[in-house]
Structure formats: C-alpha cells, structure tokens
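Here is a friendly walk through a two-chain model. Keep the 3D view open as you read, and colour it by chain if you can.

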Amino acid sequence: MKLSVASKILDANDRIAHENRRLFSAAGVFVINLMSSPGAGKTSLLEATIAGLKRSLNIGVIEGDITGTDDAERINRLGVPVVQINTGGACHLDANMINEVLLDLPLDEMDLLVIENVGNLVCPAEFKIGEDLKVMILSIAEGHDKPLKYPLMFQESSALIINKMDLRPFLDVDVGKIRNDALSLNPSIKIFELSCKTGEGVEQWITWLQTLNS
Amino acid sequence: MHEVSVADSLLKIAVDECRRSGYGRINSIRVCIGKASGVMPEALFFAFEALKAGTIASGATLAIEKVPVAGHCSACNADFTTDESFVLCCPLCHSSDYSIHSGRELDIKELEVD
C-alpha cells in the first residue's frame, strides 16, 4: 500500500522555531542567531556588543557549546542574564533546545537576545531556532576561500562580520574577495569589517544593531 | 552530523503517518533532497540504517530523489537549472539579479506500507 505524505522533514523543528518566535515577539525581544566557525570571535563580539549597548538596551544571551561553561562565565561577568546550553555532542542548536531554556531568561525585561550557536560553519545555518535574523562572523585568519566553500551560511545570514582585521598585515588574505564572494552568494548581506581586540569598526556594527532595535 | 537529526525526523514522520493510517510496517520511504540543502545522501543513508533498527521501519529501504538547483533570472528573463549546488550568478547571462526557487528541499514524499 502506498501512502502519499508530502511533509517537510524538518517540520517538527520549524514548528517549535515558530513557537519560539511567537514567544519572543510577545515579550518584545529582538533575537539574533550568531554563527561562525570555532574561534572566529563570537564571544568576543558579544563582549564588545554588550559593552557598547548595555546602557541603552537590556541584553540577554544564550550560549551554545558542545560542553563547558567558559563562554557563559565570560558573559556573566558583564552582568547580563545568560543561559548555557551544552549540546553534549550535537554540532548545532535546534529550536527545541532553545524552547527548553526560555523560562530561565527574563524575556519580559529584555530588548535583545543573542543566541551564540555552536562553533561550526555548516550545520547551524540549516536549523531555524526562532531568530529574527542570522548574523555570521568570519575571521580573516580563516582565509578568503570560505564563502565559496561554505556558501549556505553566507546565503542565510543578514550580516557578515569580518573579524580580526588587526591581523591583516600578517596574513596573505584578500578581504576584497571575501566581500565579493559573500555579495555574489547573497546580494543583500550587510558587511562589517572590525577587530574585537582593538575595537576598530565595532561602533558601526553597534549603530546598525541600534537601528534594528529602534 | 546533522544527517542524524534529519534521519531521526524523517523516521518519526514516517512511523506516525504509517500508524495513523492503520498499518504496522514500513517497506520503503521516498524523500526529495535538494542539492543545496546541505544534506549528503550517503550520510543520510548511513544514519537511516543505524536509526531504523527496532522500529516498524526496521526493514524499510530509503529512496532519495535529488532535486537540482533551479531559479529565474530577471536580467535575461529566463528560467535555469544547474548541476551546481550553489549559484553565484545566472548561468546563462552571468547577472546577479537572480532568484532561486528550488534546490533546498528536505521533503518526505511517499511511504510503502503493509
């Protein structure tokens, strides 16, 4: 006997993501899904962003890692609410993992929630978690070939942060190629060049975030 | 590694659908996987074989239909299909004024059940 199904395989995840989104909207929280490879600077960007926005916005953070609490401890020191998710091996966050920790955050008191995904340039791009937009970081030490090697994340992201620009004199990296290839994959992607270490360029990113929240 | 999540989801959908229709065994599952979905068919087969044990789909085969990336170019006003997984410009006129309308599918289409 043949049964016609016609269902999306990730429908269960998408339904929970939709529910998360509804809860975030009801609480008036704008949500960013922050993605990059390991070590590109997600937590450093968060620290710089919190420092720049803490006075004007109430920020909360969800940290996603396979194991450990180092990142949550770094954020906790800045005095903003933070929840650590340990995926126990999974290479990305999914909508259900987010749904399970929502009660641990004071959503009604928050304006902006940043969800730091597991460091991975592939799988996080494929799972909706209830975000308003996806933002990715590429550090220039990773090389200029990454947009064409990992195209999905560049296509899915609304903004690309090119980090560690302070290392430019020491690297044979073509930042123009990163920009051009990212724009070919996603003509509407917003690109920021900055260094979380020196703080150069961080202000433009923060100004853009403020326009999204206003 | 997310092929495991995909295999797990598709098995759950198939088992639910089979039971809801009053049947007790799944013989085959047909899915459509877009070439730009990021899912590797080989890894999906592997995960499916590992996860199906002990379910009513333990004897089921998985049939994967690959869907090519297709889109429309506004510059040359033509529809296109490509063998590539990702498109950087219209393959016909090389304009960047294009939109993609298929190739990201992850759909379960049909079950054969007893």
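What follows covers confidence, the two sheets, one helix, the cores and the contact between the chains.

**Confidence**

This is a predicted model. The predictor gives the complex an ipTM of 0.82 and a pTM of 0.86. Within chain B, the pLDDT averages 93, and 99% of the residues score at least 70.

**Two sheets**

Let's begin with the sheet in chain A. Its seven strands form an open sheet with parallel pairing, in the order 4-3-5-2-6-7-8. Strand 4 (82-86) and strand 8 (190-193) of chain A each have a single partner strand, so one side of each is left without a neighbour in the sheet. From one strand to the next, the twist averages 20°. Inside this sheet, strand 6 (residues 133-139) and strand 7 (residues 159-163) of chain A run parallel and are joined by five bridges. Met136(A) stands opposite Leu160(A) of strand 7 of chain A.

The other sheet draws on both chains. Four strands form an open sheet in the order 1(A)-6(B)-1(B)-2(B), and the pairing is mixed. Strand 1 (2-8) of chain A and strand 2 (61-67) of chain B are the edge strands, each pairing on one side only. The twist here averages 20° from one strand to the next. Strand 1 (residues 26-34) of chain B runs parallel to strand 2 of chain B, with seven bridges between them. In that pairing, Ala63(B) is the bridge partner of Arg30(B).

Helices pack on these sheets too, as the table shows.

| Helix | Strands touched | Direction |
|---|---|---|
| Helix 1 (residues 3-20) of chain B | strand 1 of chain A; strand 1 and strand 6 (106-113) of chain B | about 45° with strand 6 of chain B |
| Helix 2 (residues 41-52) of chain B | strand 1 and strand 2 of chain B | about 160° to strand 2 of chain B |
| Helix 8 (residues 202-213) of chain A | strand 2 (30-36), strand 5 (112-116), strand 7 and strand 8 of chain A | about 145° to strand 8 of chain A |

**A closer look at helix 1 of chain B**

Helix 1 of chain B has 18 residues and reaches 25 Å from its first C-alpha to its last, close to the expected 26 Å. Which of its residues are buried? They are Ser5(B), Val6(B), Ala7(B), Ser9(B), Leu10(B), Leu11(B), Ile13(B), Ala14(B) and Cys18(B). These buried residues pack against strand 1 and helix 1 (11-27) of chain A, and also against strand 1, helix 2 and strand 6 of chain B. After the helix comes Gly22(B), whose phi is positive, near 85°.

**Cores**

In soluble globular proteins, nonpolar side chains tend to be buried together. The largest nonpolar core in this model has 57 residues, and Leu113(A), Ile115(A) and Leu160(A) are among those with the most contacts inside it. Leaving aside neighbours within four places in sequence, the contacts of Ile115(A) include Val31(A), Leu34(A), Ile62(A), Leu93(A) and Ile129(A). Another core, of 24 residues, lies apart from the largest one; among its members are Ile9(A), Val6(B), Ala7(B) and Leu111(B).

**Where the chains meet**

The contact takes 22 residues from chain A and 25 residues from chain B. On the side of chain A that touches chain B, the elements giving two or more residues are strand 1, helix 6 (151-156) and helix 7 (175-185) of chain A. Which of the elements gives the most to that side? Strand 1 of chain A does, with seven residues. This is also the strand of chain A that forms one edge of the four-stranded sheet.

How values were computed: Residues are numbered from 1 along each chain as its sequence is written. Chains are lettered from A and ligands numbered from 1 in the order in which they are written. This is a predicted model: local features need pLDDT of at least 70, side-chain atom pairs count only at pLDDT 80 or more; totals for chains, interfaces and linings use all residues. Two strands pair if DSSP finds at least two bridges between them. Axes are lines fitted to C-alpha atoms, for helices over the stretch in contact, and angles run from 0 to 180 degrees between N-to-C directions. Two residues are in contact if their C-beta atoms, placed from the backbone, lie within 7 Å. pLDDT is the predictor's confidence in each residue, from 0 to 100. The expected span of a helix is 1.5 Å times one less than its number of residues. A residue is buried if 20 or more other C-beta atoms lie within 10 Å of its own, exposed if 12 or fewer, and partly exposed in between; C-beta atoms are placed from the backbone. A nonpolar core is a set of buried Ala, Val, Leu, Ile, Met, Phe, Trp, Tyr and Cys residues joined through C-beta atoms within 7 Å.
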